Amino acid sequence: MSKEWWKEAVVYQIYPQSFKDTNNDGIGDLNGIKEKLPYLKKLGIDVIWLNPIYQSPMVDNGYDISDYYAISPEFGTMSNFDALIFEAKKQGIKIILDLAVCATSSEHQWFLESKKSVDNPYSDYYIWRDAKPDGSEPNNWGSIFGGGSAWKWDENRKQYYLHLFATEMPDLNWANPKVRQEVYKNMRFWLDKGVAGFRLDSISLISKNQDFPDTPDVPEGEFGSPYFGASNGPHVHEYLQEMNREVLSQYDGLMTVGEATRTPVEKAVLYTDPVRKELNMIFQFDHMHVDYGEYGRYSDLRFKLSDLKKSMVQWQDKLHEHGWNSLYWNNHDQPRTVSRFGNDSEEFREKSAKMLATVLHFQQGTPFIFQGEEIGMTNANFNKIEEYRDLESHNMYQKFSDMGLPEEKVLTFLKYKSRDNARTPMQWDNTVNGGFSSYEPWISTNKNYSQINVASDLANSESIFYYYQKLIRLRKELPVMVDGEFTPVQMEDSAVFAYTRALNNEKLLIVGSFSDKRIRFELPTEFLDDPEIIMNNYDKAVQQNGVLYLRPYEAVVYRIK
Ligand code: GLC
Ligand code: CA
């Protein structure tokens with residue numbers, strides 16, 4: 001196993017509560033994941049990233065952790081976890097955990113202690129500040145979840161504490177070395193159990209500007225973004241280097257990926273350049289911003305392919321030989337890719353899902369597949385606010401309604417962008433609740449489960465599932481997919497995403513149409529001489545006199561040697 005095995009690996013993300021329920025309480029569990037290992041093995045993935053499974057009051061579905069050393073009873077027990085690790089290992093699958101240490105739950109013992117007084121041993125585990133002379137919050141930061149100020153008054157301490165996310169999620173004070181040691185201790189606990197690394201939640205937000213400045217240009221009485229003083233803060237790299245020294249480098253062959261919101265590519269290099277000894281890669285968000293609107297993330301805009309290309313090409317370019325990319329289209333915080341960047345109509349869902357997979361997997365980086373993506377699962381299509389479970393969706397609904405936006409518009413925003421789009425139960429078959437559970441699931445199953453499900457994909461050799469399986473297999477066979485140099489082709493084309501990858505004498509040309517019409521694509525001269533086609537989501541590419549006649553959402557991959 002090479003030291004940098006994660007460069008050749010494909011990761012599968014599991015959102016435990018929505019994957020598979022085995023004890024019929026409507027919530028997915030660890031035993032459900034264990035039961036489905038053979039399915040994942042068949043797909044061919046190397047690593048599972050598990051969203052948080054620790055003890056939690058579940059205000060933010062497990063990201064609000066009250067005990068980092070215990071498994072949440074909804075998901076099972078520590079022995080279920082050990083059994084999962086053991087079984088996965090037998091099948092050659094590694095597991096990485098979500099390390100959510102930007103904040104804890106307000107029910108964590110540390111916070112319960114911290115709240116008691118200014119002079120107890122846990123006092124500085126969190127970020128406490130006095131009120132301004134007029135009693136108001138220390139600064140104008142608003143919560144990322146949209147629930148108002150990022151500060152909450154505590155009557156007992158007579159101070160405010162900072163929470164970038166939910167009120168029930170006070171931010172840990174990373175400036176306190178004791179906090180950092182607690183985190184490292186916990187990391188060792190899980191690594192000693194055999195986990196292969198971590199996805200580090202909100203890691204770009206752990207070091208705050210200690211002056212806690214107001215976010216500028218915010219109208220009186222409104223809240224400003226906390227990113228201004230919290231993202232890529234003054235000591236974030238120092239902390240990660242310390243973590244690397246004290247923990248990560250003490251174990252062999254770990255994989256790390258940091259969630260780095262609001263991190264431009266120049267700064268990404270700082271996190272991922274191997275000489276700096278921090279993280280292997282980060283999740284960046286630039287390509288998730290291409291359909292932001294007037295109010296930010298929640299909008300009803302469609303993206304422009306030119307923006308998406310510009311963003312992705314830039315990351316390919318800048319990290320080549322200076323770091324490593326993660327490749328993803330969606331995750332538990334984002335809408336489903338086929339609905340967002342493809343076309344989820346009955347006519348084009350399958351074609352566009354395959355096209356998107358092609359365009360992503362041939363880029364340089366480690367691909368992440370979010371559960372259900374491999375069968376082309378779509379957005380939830382909820383019509384009423386009551387159907388949503390996500391706290392952020394509810395906060396945003398409230399905020400936009402208070403601003404006077406018509407309900408229909410607000411519901412459209414959620415339909416496009418709610419995190420719940422990703423969180424509906426995995427669709428295993430066409431039985432009740434899509435085979436996820438025989439009990440009513442914690443969030444409704446998408447009504448399309450009778451058409452879109454694993455069983456039907458497994459029964460059809462032309463399915464999206466087998467297309468992903470082939471993409472994953474090719475990555476193991478073609479070093480050019482891992483190491484090849486990336487060059488965009490015909491950047492000005494507004495309907496086609498095309499690029500080449502080249503290594504030694506081998507070259508691939510990847511062409512993906514984002515159009516629902518037929519379009520022409522002029523092949524670069526090197527590819528005129530009847531090159532081998534290694535991937536195609538239609539029967540046979542139609543090509544004449546140097547022109548490729550692309551059908552709706554067609555993807556073609558050529559190979560020359
Ligand atoms: C990350 C997680 C998200 C969570 C937030 C707060 O962004 O991906 O699901 O709500 O952090 O921990
Ligand atoms: Ca269960």
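Select Ser-202 and ligand 1. In this predicted model, a polar side-chain atom of Ser-202 is 3.2 Å from an oxygen atom of the ligand. Draw that distance first.

Now add Arg-199. An N or O atom in the Arg-199 side chain lies 3.0 Å from an oxygen atom of ligand 1. Then pick Asp-333. Here the distance from a polar side-chain atom to an oxygen atom of ligand 1 is 2.4 Å. How much of the accessible area of ligand 1 does the protein cover? On its own, ligand 1 has 310 Å², and the protein covers 95% of that.

Next, show the whole shell. It holds 13 residues around ligand 1. Asp-60, Asp-201, Glu-259, His-332 and Asp-333 are the closest. Colour the shell by class: seven residues are charged, four are nonpolar and two are polar. Turn on the pocket surface as well. Where does ligand 1 sit? It occupies the largest pocket.

Move on to ligand 2, the calcium ion. Which residues coordinate the calcium ion? Select Asp-21, Asn-23, Asp-25, Ile-27 and Asp-29. Asp-21, Asp-25 and Asp-29 each donate through OD, Asn-23 through OD1, and Ile-27 through O. These donors lie at 2.2 to 2.4 Å. Follow the chain through the site: the donors keep the spacing D-x1-N-x1-D-x1-I-x1-D.

Last stop: Asp-29, one of the calcium donors. Is Asp-29 buried or exposed? Its relative accessibility is 4%. Buried means under 20%, so Asp-29 counts as buried.

Notes:
Residues numbered from 1 in each chain as written. Chains lettered and ligands numbered in written order. Predicted model: local features only at pLDDT ≥ 70, side-chain atom pairs only at ≥ 80, totals over all residues. Heavy atoms only, no water. Near = heavy atom within 4 Å. Polar contact = N/O pair within 3.5 Å; in protein donor to acceptor, adjacent residues only side chain to side chain. Areas by Shrake-Rupley, 256 points an atom, 1.4 Å probe, with all protein chains shown as cover. 1 Å grid on protein atoms, 1.4 Å probe; cavity = no way out; pocket = protein on both sides within 12 Å on 5 of 7 lines; lining within 4 Å. Sits in = over half its atoms within 2 Å of the grid points. Nonpolar A, V, L, I, M, F, W, Y, C, P; charged D, E, K, R; others polar. Donors = N, O, S within 2.8 Å, 3.2 Å for Na, K, Ca; no water. Buried < 20%, exposed > 50% of the residue type's maximum accessible area, 1.4 Å probe, protein only.
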